[in-house]
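Thank you for making time this morning. I would like to walk you through one structure, and I ask that you keep it in view while I talk.

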Amino acid sequence: MNENRLHLMRWAPIPLRLMVGLGFMQHGFAKLGRGPDAFAEILHAMSVPLPHLMAWLTLLTEIFGGLAVLVGAFVTAASVPMAAVLLTAIFTVHLPYGFSSIKLKAVTAAGAQFGPPGYECDLLYLACLVALVIGGVGPLSINSFLRGRRFVGNLERR
């Protein structure tokens, strides 16, 4: 592989981090904006045990997990609860609606009418998390900053 391509490849994780991090944070802030009790009511209607606790855990996972991915810090650890949230959403909400995240039902004078989303976006988020865990978070991340500090620190000690 030529050197230019290798140099460019190291930047590949950044768009993944931006999409996953901002996407998760947006969902968490939306739940926070509507109030955790509103999400807890939905969880209660779905017979989720401890709905208030689960609402807060989900909301915090989305906000702080999203932030961790966005800045490239502790991504492997943050990915575990984030994947749990995604898998729970797939199996409890989206699975009955099929794969596609966009279900055009009709186009009316008021505009396009869409049906409930399937699990496509959740799978994309999962795939991005797996890619970041396996391939690394790339440059411009807390992880790369800390790795560089350790390297410089080791050189200074010699």
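I will go through one helix, a salt bridge, a core, a surface patch and a loop residue.

Before that, please bear in mind that this is a predicted model, in which local features need pLDDT of at least 70 and side-chain atom pairs count only at pLDDT 80 or more, while totals for chains, interfaces and linings use all residues. Residues are numbered from 1 along each chain as its sequence is written, and side-chain values use heavy atoms, with hydrogens and water left out.

Let me begin with helix 2, residues 13-34, where helices (H or I, at least four residues) and strands (E, at least two) are DSSP runs numbered from the N terminus. Its 22 residues should span 32 Å at 1.5 Å a residue, and the end C-alpha atoms are indeed 32 Å apart; the expected span is 1.5 Å times one less than the number of residues. The residue that follows helix 2 is Gly35, with a positive phi near 100°.

Which residues of helix 2 are buried? They are Pro13, Ile14, Arg17, Val20, Gly21, Gly23, Phe24, Met25, Gly28, Ala30 and Lys31, where buried means under 20% relative accessible area, exposed over 50% and partly exposed in between, with a 1.4 Å probe and protein chains only. These buried residues pack against helix 1 (3-9), helix 3 (36-45), helix 4, helix 5 and helix 6. Pro15, also in helix 2, counts as partly exposed at 47% relative accessibility, and its C-alpha atom is separated by 21 Å from that of Phe29, 14 residues away along the chain.

A search of the whole structure finds 1 salt bridge, meaning a side-chain nitrogen of Lys or Arg within 4 Å of a carboxyl oxygen of Asp or Glu. The side chains of Glu62 and Lys31 meet in a salt bridge at 3.1 Å, N to O. Glu62 lies in helix 4 and Lys31 in helix 2, so the pair ties together parts that are 31 residues apart in sequence. Both Glu62 and Lys31 are buried.

Turning to the interior, the largest nonpolar core has 16 residues, of which Val20, Phe24, Val69, Met82, Leu86 and Leu129 touch the most other members; such a core is a set of buried Ala, Val, Leu, Ile, Met, Phe, Trp, Tyr and Cys residues joined through side-chain atoms within 4.5 Å. Helix 2, helix 4, helix 5 (75-94) and helix 6 (120-135) each give two or more residues to this core, and helix 5 gives the most, with 6. Phe24 touches, among others, Glu62, Met82 and Leu86, contact being heavy atoms within 4.5 Å.

On the surface, Phe29, Leu32, Trp56, Leu60, Phe64, Leu67, Val71, Ile142, Phe145 and Leu146 form a nonpolar patch, with about 880 Å² of accessible area together. Patches are made of residues with over 30% relative accessible area and no salt bridge, with like charges joined within 9 Å and nonpolar side chains (Val, Leu, Ile, Met, Phe, Trp, Tyr) within 5 Å. Helix 4 gives the most to the patch, with 5 residues. Phe29 is partly exposed, with a relative accessible area of 45%.

Finally, Phe99 lies in the loop between helix 5 and strand 1 (104-108). Phe99 and Glu120 are 21 residues apart in sequence and 5.2 Å apart in space, C-alpha to C-alpha.

Note on methods
Areas by Shrake-Rupley, 256 points an atom, 1.4 Å probe, with all protein chains shown as cover. Lists of a residue's contacts leave out its neighbours within four places in sequence.
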